[in-house]
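Me: Could you take a close look at how the side chains pack and touch their partners here, beginning with the aromatic rings? I'd like the geometric cut-offs along the way.

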Amino acid sequence: MSAKEIDFQQIFDEKIENEVRIEPKDWMPDAYRKTLIRQISQHAHSEIVGMLPEANWITRAPSLNRKKILLAKVQDEAGHGLYLYCAAETLGVSRIQTLNDLHSGKAKYSSIFNYPTLTWADIGIIGWLVDGAAILNQVPLCRASYGPYARAMVRVCKEESFHQRQGYESLVVLSKGSPEQKEMLQDAMNRWWWPTLMMFGPKDEESSNSDMSMKWRIKRFSNDELRQRFVDISIPQAEYLGLTIPDPDLKWNEETGHYEFGEIDWEEFWAVVKGNGKCNKQRVDARRNAHEEGAWVRDAATAYHEKRSKRENEQKQHKNA
Ligand code: FAQ
């Protein structure tokens, strides 16, 4: 490191220590930049791929009202993806490069979106559990040390909170419905509970990025801490819905004031992360096709922009003549 770099490093360290945000034009260590690009782009992809399992039910929502709500939610997720792609761009990575990595299967996105949505209850469960897990993980990110990421998270969290409540509300309706509706709800719970716990990432001792991310104050809580918090919050909510948690080892520990839960199937988690989940291929193919089929929109927008710039230039020249 040169003397100048040591100074920059010191300024950076002091900012982190004093909770001063790092902004795009500030000096930052290469590894900090790299891990932010990694996490923010994976997060952006998760939002965009996350639209797919829910979009599957837009045409089959049980009422006009539910359809309107689901449409608005899926549209919100698109917005979240866009803020996050913009945040990644502020770190010097181009949008097309980030998208190419998703379309080639190189980039990761949340494991949860590689599971199929088989019934209407799955949509409520995604709102309640998946958005619920996303909120627990993202609220601390509103205090992440990188400014554009932290600011994007503020709005994202507000919207996710609506998503979670609409999901839970739709499940309350099912929980008071016919025996078939109750059965459908329990079946969705059985399929989504464990994959939701996996969303928080590998256990702490296997989390390769946590140490540095905590030091840089990108992450504020470890994967296991957030997972435990999620379990503690969700069990009473599940009980209110009359649901059984699909975990025979689940028990309340009076002394710790926390629930103890069974071992997660980490083999399944890593298989999904490595591309071998039920829907990985379908999800990446859908994104790639959407990008290719949308080429004409990008071409039209570029042509319009060029035409307008040309016209504005001509008008300026005319005025100056
Ligand atoms: N799936 O060292 P760690 C949503 C990877 S948004 C796939 O612990 P880190 C909204 C990880 O990337 C949901 N891969 O990693 C919505 C790393 O691989 P790498 C997404 C995973 O970064 C709702 C390796 O394993 N949220 O749901 C997963 O410190 C409804 C080692 O892991 C975010 O992205 C996983 N579950 O902690 C949309 C939040 N977990 O990169 C539609 C921001 C880990 O070294 C409908 N991200 N991996 O090759 C984070 O907070 C963190 O990145 C974690 C992982 C906590 C996800």
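Reply: Happy to! A charge counts as sitting over a ring if NZ of Lys or CZ of Arg is within 6 Å of the ring centre and within 35 degrees of the ring normal. R229 meets this with the ring of F221, its charged end 4.4 Å from the centre. R165 does likewise over the face of F162, at 5.5 Å from the ring centre.

This is a predicted model, in which local features need pLDDT of at least 70 and side-chain atom pairs pLDDT 80 or more, while totals for chains, interfaces and linings use all residues. Residues are numbered from 1 along each chain as its sequence is written, and side-chain values use heavy atoms, without hydrogens or water.

Rings also meet each other. Rings of Phe, Tyr and Trp (its six-membered ring) pair if their centres lie within 6.5 Å, and are stacked under 30 degrees between planes, edge-to-face over 60 and tilted otherwise. By this rule there are 12 aromatic pairs. One of them, F12 with W27, is edge-to-face, with 6.3 Å between centres and 80° between planes. F12 belongs to helix 1 (residues 3–17), whereas W27 lies in the loop between helix 1 and helix 2 (30–49), so the pair links parts of the chain 15 residues apart; helices here are DSSP runs of H or I, at least four residues, numbered from the N terminus. F12 is buried at 1% relative accessible area, while W27 is partly exposed at 28% (buried is under 20%, exposed over 50%, partly exposed in between, with a 1.4 Å probe and protein chains only). Both rings belong to one aromatic cluster with F8, Y32 and W216.

Helix 11 (residues 266–276) has aromatic side chains too: W266 and F269 are buried, along with V272. These three cover an arc of only 125° around the axis (taken from the directions to the C-beta atoms), which puts them on the same side of helix 11. E267, K274 and N276 are exposed on the other side. The buried residues pack against helix 8 (179–198), helix 10 (223–240) and helix 12 (280–293), with contact meaning heavy atoms within 4.5 Å. D265 caps the N-terminal end, a side-chain oxygen lying 3.2 Å from the backbone nitrogen of E267.

Finally, the ligand is surrounded by 36 residues, the closest being Q42, K108, S111, S207 and K219 (a heavy atom within 4 Å). Polar side-chain atoms of K108 and N137 lie 2.5 Å and 3.0 Å from ligand oxygen atoms, and a polar backbone atom of M199 is 3.3 Å from a ligand nitrogen atom.

Technical notes. Helices (H or I, at least four residues) and strands (E, at least two) are DSSP runs, numbered from the N terminus. A polar contact is a pair of N or O atoms within 3.5 Å; within protein, one must be able to donate a hydrogen and the other to accept it, and residues adjacent in sequence count only if both atoms are side-chain atoms.
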